[in-house]
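Reader: I have a chain to look at with you, and I would like to know where its labels come from. Could you show it to me first?

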Amino acid sequence: MAKCKRCGRKGLFLKLNSDGLCSSCSTIVAEDKRLVEAEQLENVLPELQPLPHTSVIKYNDFDINKAPNI
Ligand SMILES: [Zn+2]
């Protein structure tokens, strides 16, 4: 008899995935994993983008104002 590793639900017709989880648990686990990865990305992104967006916009404005003088 199939038995889910996470919630312990069991039954003759219970379908388990390759991790031994029922369909509802595999959905929850996948969602948890996605949230953890999203949190990790949020922690990493500020280090990868040290310049705030406003600096980029100011730089572009400077270039546009400077162009007609050349
Ligand atoms: Zn389960």
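Author: Gladly, and let us begin with a definition: two residues are in contact if their C-beta atoms, placed from the backbone, lie within 7 Å. This is a predicted model, in which local features need pLDDT of at least 70 and side-chain atom pairs count only at pLDDT 80 or more, while totals for chains, interfaces and linings use all residues. Residues are numbered from 1 along each chain as its sequence is written.

Reader: Thanks! Which residues is Cys25 in contact with, leaving aside its neighbours within four places in sequence?

Author: Cys25 is in contact with Cys4, Arg6 and Cys7. For Cys4, the C-alpha atoms are separated by 8.1 Å, and the two residues are 21 apart along the chain.

Reader: What elements does the chain have, and in what order do they run?

Author: There are two helices and two strands, and from the N terminus on they run β-β-α-α. Helices (H or I, at least four residues) and strands (E, at least two) are DSSP runs, numbered from the N terminus. Cys25 has its place in helix α1, residues 23–48.

Reader: Why is Cys22 called buried?

Author: A residue is buried if 20 or more other C-beta atoms lie within 10 Å of its own, exposed if 12 or fewer, and partly exposed in between; the C-beta atoms are placed from the backbone. Cys22 has 22 such neighbours, so it counts as buried. Cys22 is found in the loop between β2 and α1. Beyond four places in sequence, its contacts are Cys4, Cys7, Arg9, Leu14, Lys15 and Leu16. Of the 70 residues of the chain, 4% count as buried.

Reader: And what makes Cys25 partly exposed?

Author: Its count is 19 C-beta neighbours inside 10 Å, which falls between the two cut-offs, so Cys25 is partly exposed.

Reader: How do you know whether Leu14 is buried, exposed or partly exposed?

Author: By the same count: Leu14 has 13 C-beta neighbours inside 10 Å, in between the limits, and therefore is partly exposed. Leu14, too, is found in the loop between β2 and α1. Leaving aside neighbours within four places, Leu14 is in contact with Ala2, Cys4, Arg9 and Cys22.

Reader: One last question: why is Gly8 called exposed?

Author: Gly8 has 9 other C-beta atoms within 10 Å, and the label needs 12 or fewer, so Gly8 is exposed. Gly8 lies in the loop between β1 (2–3) and β2 (10–11).
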